[in-house]
Amino acid sequence: SGLLGTRYEVVNPLRVALPSSASKWALLSIDDLKSSSERFAWAVRQNGELYCFPVDTENDSAHPVNVDPPAVGNKIRQIVFCGHSVWVVTENRAYVREGINEFCPEGVKWKRVDTTTMKSSI
């Protein structure tokens, strides 16, 4: 059976300069939690910059936040934003962002995920 209730929607990254051709969005993850008053997105530009920003908000105080990536020099291969967690996979490690909540949507720090107990390492 097919998926029901899915749709595509234009996302307006408010107050984020539209990327030039040299710095387009490479990865994007948006969580659509209905329990939150605002929706946020996490995005990675091709140059490696990582952003957390509000999506389609009327809140004038909302602004994008440039977040330090979890590991300098390791390219982010995948990003997943779900609930109050952001998961990032780099070239050889996995990280989760801690401290994400409605008052601090960008979180406070990265924690490396121990993948040694998994059957195959990252």
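Phenylalanine 53 sits in strand E3, which covers residues 50-55. The model here is a predicted one, and in it phenylalanine 53 is buried, with a relative accessible area of 2%. Its C-alpha lies 8.3 Å from the C-alpha of glutamate 106, although 53 residues separate the two in sequence.

## The chain as a whole

Strand E3 belongs to a chain that has eight strands and zero helices, so the pattern read along the sequence is simply β-β-β-β-β-β-β-β. The chain runs to 122 residues, and 35% of them count as buried. About 8200 Å² of the chain is exposed, with carbon and sulfur atoms supplying 51% of that area. Take the contacts with a separation of 6 or more: 37% of them are between residues 24 or more positions apart.

## Two cysteines, no bond

How many disulfides does the structure have? The count comes to zero. A disulfide is a covalent bond between the sulfur atoms of two cysteines. For cysteine 52, the closest cysteine sulfur is that of cysteine 104, and at 8.6 Å it is too far for a bond; the cut-off for a disulfide is 2.5 Å. Seen from the other end, cysteine 104 is in no disulfide either, its nearest cysteine sulfur being that of cysteine 52. Are these cysteines buried or exposed? Cysteine 52 is buried, at 1% relative accessibility, and cysteine 104 also counts as buried, at 16%.

## A pair of tryptophans

The structure holds one aromatic pair. Tryptophan 42 and tryptophan 110 make it up: their ring centres are 6.3 Å apart and their planes stand at 75 degrees, so the pair is edge-to-face. The two residues come from distant parts of the chain, with tryptophan 42 in strand E2 (residues 39-45) and tryptophan 110 in strand E8, 68 residues apart. Both tryptophans are buried.

## Serine 29 and its surroundings

Tryptophan 42 turns up again around serine 29, as one of the residues in contact with it. Serine 29 has its place in strand E1, residues 25-31, and counts as buried at 10% relative accessibility. What does its side chain reach? The answer is the backbone nitrogen of phenylalanine 81, at 2.8 Å. Setting aside neighbours within four places in sequence, serine 29 is in contact with Phe40, Ala41 and Trp42, and also with Ile79, Val80 and Phe81.

## Salt bridges

There are three salt bridges in the structure. Here they are, with the N to O distance for each.

| Basic residue | Acidic residue | N to O distance |
|---|---|---|
| Arginine 45 | Glutamate 49 | 3.4 Å |
| Arginine 77 | Glutamate 91 | 3.3 Å |
| Lysine 109 | Glutamate 98 | 3.8 Å |

Let's go through them in turn. In the bridge between arginine 45 and glutamate 49, the arginine counts as buried because its relative accessibility is 9%, while glutamate 49 is partly exposed, with a relative accessible area of 28%.

Arginine 77 and glutamate 91 meet through their side chains. Where do the two residues sit? Arginine 77 is in the loop between strand E4 (65-67) and strand E5 (78-82), and glutamate 91 is in the loop between strand E6 (85-89) and strand E7 (94-98). The pair thus links distant parts of the chain, 14 residues apart. Arginine 77 is partly exposed at 47% relative accessibility, and glutamate 91 is partly exposed too, at 43%.

That leaves lysine 109 and glutamate 98, whose closest N and O atoms are 3.8 Å apart. Lysine 109 lies in strand E8 (residues 109-113) and glutamate 98 in strand E7, so this bridge ties together parts that are 11 residues apart in sequence. Lysine 109 has a relative accessible area of 48% and is partly exposed; glutamate 98, at 26% relative accessibility, also counts as partly exposed.

Strand E8 therefore appears in two of these stories, because lysine 109 lies there along with its link to strand E7, and tryptophan 110 of strand E8 pairs with tryptophan 42 of strand E2.

Key. Residues are numbered from 1 along each chain as its sequence is written. This is a predicted model: local features need pLDDT of at least 70, side-chain atom pairs count only at pLDDT 80 or more; totals for chains, interfaces and linings use all residues. Side-chain values use heavy atoms; hydrogens and water are left out. A salt bridge is a side-chain nitrogen of Lys or Arg within 4 Å of a carboxyl oxygen of Asp or Glu. Buried means under 20% relative accessible area, exposed over 50%, partly exposed in between (1.4 Å probe, protein chains only). Helices (H or I, at least four residues) and strands (E, at least two) are DSSP runs, numbered from the N terminus. A polar contact is a pair of N or O atoms within 3.5 Å; within protein, one must be able to donate a hydrogen and the other to accept it, and residues adjacent in sequence count only if both atoms are side-chain atoms. Contact means heavy atoms within 4.5 Å. Accessible areas come from the Shrake-Rupley method with a 1.4 Å probe; for residues, only the protein chains shown count as cover. Rings of Phe, Tyr and Trp (its six-membered ring) pair if their centres lie within 6.5 Å; planes under 30 degrees apart count as stacked, over 60 as edge-to-face and the rest as tilted.
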